[in-house]
Amino acid sequence: MSSESSESLPLYLQIAAKLRQNIQEAVFQVGDQLPTEMELSAQFEVNRHTLRRAMEVLRQEGVVGVERGRGTFVMAASIAVPIGKRVRYNEALKAQSITPRWKLLRVMELKADSKLSKHLEIDLGDSVVLFERVSLTEDIPISLSSSYFPGHRFPELANHCQTYRSVSAMLFQEYGCDHIRRSTRISARSARPRDARLLRMPATVPILLSESINVDQTGAVIEYGVARFRGDRMELVMDNTSD
C-alpha cells in the first residue's frame with residue numbers, strides 16, 4: 001500500500017496496517033507479546049478507543065490473539081487438520097513444517113457408562129482406557145485430545161500410552177490394528193473451564209469439537225476420540241482424497 005493511499009484510510013486502519021507490517025517484517029514475531037494498550041496509544045498518539053479498533057481488526061484477521069489477564073500476542077497462521085479416512089494428525093502438522101509435541105495429561109482405566117458403551121459398542125461397566133494429552137506447537141497448546149479404548153481389546157495399553165506419541169503407530173505396532181476413521185461429528189462451542197485452562201485460552205474463544213469413531217481393518221470399533229481444537233488457531237478440513 002502506497003503512503004498516499006494509506007494516509008487516506010481511517011486512522012485506526014492506518015495503525016492496524018503499521019502493526020501488521022511490523023509483524024510481517026518480524027519486528028514482532030509469533031508468540032511475542034505486543035506493547036500494552038497504553039504504550040501503543042502513546043506511540044501512535046491516539047486515544048485508547050482508536051487503538052482498540054485497530055487491534056480488533058488484527059484480532060478478527062487472526063494476526064493477534066488476546067489472552068485475558070496476560071495481554072495481546074502475535075498469532076501464527078491457522079493450522080489445517082484434514083478430516084479423512086485415515087487418522088493422520090501428526091503427518092498433517094509435519095506437512096506444514098510444524099513439529100508436533102505432545103504432553104501427556106493422564107492415562108487411566110474406568111468403567112463404561114452409557115455414552116462410552118454406545119460409542120465403543122461394549123457392555124455397560126466394561127473396562128475402558130482413557131488416554132488424554134495436549135498437543136503443542138512452539139510451546140503453545142493447540143488441541144486437547146481424549147481417546148477412549150475398549151480395555152479388553154488392548155491389554156497393557158496403559159503402559160504403551162506412556163511411550164508412544166502416535167495412537168495409529170501404537171495400535172499398529174503393538175496390536176496389529178489399522179486405525180480407520182468411521183465417522184466424525186464436528187461442532188463449535190465455548191470452551192469449558194478445564195479445557196480453557198489447559199489450552200491457555202480465554203473461555204470466550206470458541207473451540208472446534210471433533211468426536212470420532214475409529215475402527216480396525218475388520219470394522220470393529222477400537223476408539224472413541226474427542227478432540228478440542230483452539231478455534232483461533234486451527235481449521236478442520238474435510239478430506240475425501242485420503243485412502
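How many disulfides does a search of the whole structure find? The search finds zero. The legends below describe close-up views of this predicted model.

**Figure 1. Cysteines C161 and C177 in a structure with zero disulfides.** For the sulfur of C161, the closest cysteine sulfur is that of C177, at 13 Å. A disulfide requires two cysteine sulfur atoms within 2.5 Å, and the separation of 13 Å is therefore too far for a bond. The converse also holds: the cysteine sulfur closest to C177 belongs to C161. C161 has a relative accessibility of 2% and therefore counts as buried. C177, at 3% relative accessibility, likewise counts as buried.

**Figure 2. Contact of helix α3 with helix α4.** Helix α3 comprises residues 37-44, and helix α4 comprises residues 48-61. Two packed helices are described by the angle between their axes and the distance between the axes. Here the axes come within 9 Å and cross at roughly 105 degrees. Angles of 65 to 115 degrees count as roughly perpendicular, and α3 and α4 are therefore assigned to that class. On the α3 side, the contact is formed by E37, M38, L40, S41 and F44. Their counterparts in α4 are R48, L51, R52 and M55. By residue class, the contact of α3 with α4 contains five nonpolar, one polar and three charged residues.

**Figure 3. The stacked ring pair of Y148 and Y224.** The structure holds three aromatic pairs. In the pair shown here, the ring centres of Y148 and Y224 lie 5.8 Å apart, and the ring planes are at 25 degrees. Planes under 30 degrees apart count as stacked, so the pair falls in this class. Y148 is located in strand β6 (residues 140-150) and Y224 in strand β9 (residues 221-230). The pair thus links distant parts of the chain, with these positions 76 residues apart. Both Y148 and Y224 are buried.

**Figure 4. The edge-to-face ring pair of F154 and Y175.** The ring centres of F154 and Y175 are 4.9 Å apart, with their planes at 70 degrees. Planes over 60 degrees apart count as edge-to-face, so the pair of F154 and Y175 is assigned to that class. F154 lies in the loop between β6 and α7 (157-161), whereas Y175 belongs to helix α8 (residues 167-175). This pair also links distant parts of the chain, its members being 21 residues apart. F154 has a relative accessibility of 2% and therefore counts as buried. Ring pairs join F154 and Y175 with F149 in a cluster.

Conventions:
Residues are numbered from 1 along each chain as its sequence is written. This is a predicted model: local features need pLDDT of at least 70, side-chain atom pairs count only at pLDDT 80 or more; totals for chains, interfaces and linings use all residues. Side-chain values use heavy atoms; hydrogens and water are left out. Axes are lines fitted to C-alpha atoms, for helices over the stretch in contact, and angles run from 0 to 180 degrees between N-to-C directions. Helices (H or I, at least four residues) and strands (E, at least two) are DSSP runs, numbered from the N terminus. Angles under 35 degrees count as roughly parallel, over 145 as roughly antiparallel, 65 to 115 as roughly perpendicular and the rest as oblique. Contact means heavy atoms within 4.5 Å. Ala, Val, Leu, Ile, Met, Phe, Trp, Tyr, Cys and Pro count as nonpolar, Asp, Glu, Lys and Arg as charged, and the others, Gly among them, as polar. Buried means under 20% relative accessible area, exposed over 50%, partly exposed in between (1.4 Å probe, protein chains only). Rings of Phe, Tyr and Trp (its six-membered ring) pair if their centres lie within 6.5 Å; planes under 30 degrees apart count as stacked, over 60 as edge-to-face and the rest as tilted.
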